[in-house]
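Let's walk through this one by question and answer, starting with the overall layout and then moving on to helix packing and aromatic rings.

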Amino acid sequence: MNNKIAFFSIFVVFLFAANLAHAESVPDWVKNTAKFWTEGKITDTEFLNAIKFLIEKNIIQVEAKPAAKPASGVANVVIPNGNAEVGNAGFYIPLNLQVTSGTTVVWINDDNIHHTVQSQDEKGNVVSLFNSKALKTGERFAYKFTESGVYHYFCTIHPWRVGLVTVY
Ligand SMILES: [Cu+2]
């Protein structure tokens, strides 16, 4: 299954399951646009414009997430099982941990292989703020953030896996 068809399936399930009450009000031209898109007959932009139309007309209802209250004291980031797989959605939990200044962040390796936690800048260059040893399953690494800012980190063993800590 190619990505477009996979996404299209999710899109259809989203429309008809999550928003059944409004499904009948999806105009035929939007349905056709989605079909043409999976067939490669129209551009991604045209398809996204159709979705935008549905959102603007409130056919797809997008809920604004309330701003999460940043954690304080001690807050955890879980490195979930399967984190290393490029194709997995198994990023860090949460991917962007929001904390107040003075919070100690604890990374917990919940995966069955080793991972590290290494600070980097927003361009991906290693910075020496914090770096863990290779954490085995169940091992933890803690760092206390004392200044506000957006902190990037990654795993040196699986460098495609990146996460954020935002300190307020
Ligand atoms: Cu890793």
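Q: In what order do the elements of the protein chain run from the N terminus on?
A: Keep in mind that this is a predicted model. The protein chain has four helices and eight strands. Read from the N terminus on, the order is α-α-α-α-β-β-β-β-β-β-β-β.

Q: Are H3 and H4 roughly parallel or roughly antiparallel to each other?
A: Two packed helices are described by the angle between their axes and the distance between the axes. Here the axes of H3 (residues 28-38) and H4 (residues 44-56) come within 9 Å and cross at roughly 150 degrees. Angles over 145 degrees count as roughly antiparallel. That's why H3 and H4 are roughly antiparallel.

Q: Which residues in H4 do the H3 residues meet?
A: The crossing of H3 and H4 is left-handed. On the H3 side, the contacts come from Trp29, Val30, Thr33, Ala34 and Trp37. Their partners in H4 are Asp44, Glu46, Phe47, Ala50, Phe53 and Leu54.

Q: Is the pair of Tyr92 and Tyr153 stacked or edge-to-face?
A: The structure holds twelve aromatic pairs. In the pair of Tyr92 and Tyr153, the ring centres are 4.9 Å apart and the planes are at 65 degrees. Planes over 60 degrees apart count as edge-to-face, so Tyr92 and Tyr153 are edge-to-face.

Q: How many residues apart are Tyr92 and Tyr153?
A: Tyr92 is in the loop between strand S1 (74-79) and strand S2 (96-99). Tyr153 belongs to strand S7 (residues 149-154). The pair therefore links distant parts of the chain, and its two residues are 61 residues apart.

Q: Are Tyr92 and Tyr153 buried or exposed?
A: The cut-off for buried is under 20% relative accessible area. Tyr92 comes in at 4%, and Tyr153 has 0%. So Tyr92 and Tyr153 are buried.

Q: At what angle are the ring planes of Phe130 and Phe145?
A: Phe130 is in strand S5 (residues 126-131), while Phe145 is in the loop between strand S6 (140-144) and S7. Both Phe130 and Phe145 are buried. Their ring centres are 5.6 Å apart, and the pair is edge-to-face because the planes are at 80 degrees.

Q: Which residues form one aromatic cluster?
A: Tyr92 and Tyr153 are in the cluster, and so are Phe130 and Phe145. The full set is Tyr92, Trp107, Phe130, Phe141, Tyr143, Phe145, Tyr151 and Tyr153.

Note on methods
Residues are numbered from 1 along each chain as its sequence is written. This is a predicted model: local features need pLDDT of at least 70, side-chain atom pairs count only at pLDDT 80 or more; totals for chains, interfaces and linings use all residues. Side-chain values use heavy atoms; hydrogens and water are left out. Rings of Phe, Tyr and Trp (its six-membered ring) pair if their centres lie within 6.5 Å; planes under 30 degrees apart count as stacked, over 60 as edge-to-face and the rest as tilted. Buried means under 20% relative accessible area, exposed over 50%, partly exposed in between (1.4 Å probe, protein chains only). Axes are lines fitted to C-alpha atoms, for helices over the stretch in contact, and angles run from 0 to 180 degrees between N-to-C directions. Angles under 35 degrees count as roughly parallel, over 145 as roughly antiparallel, 65 to 115 as roughly perpendicular and the rest as oblique. A crossing is left-handed if the near helix is turned anticlockwise from the far one by less than a right angle, and right-handed if clockwise. Contact means heavy atoms within 4.5 Å.
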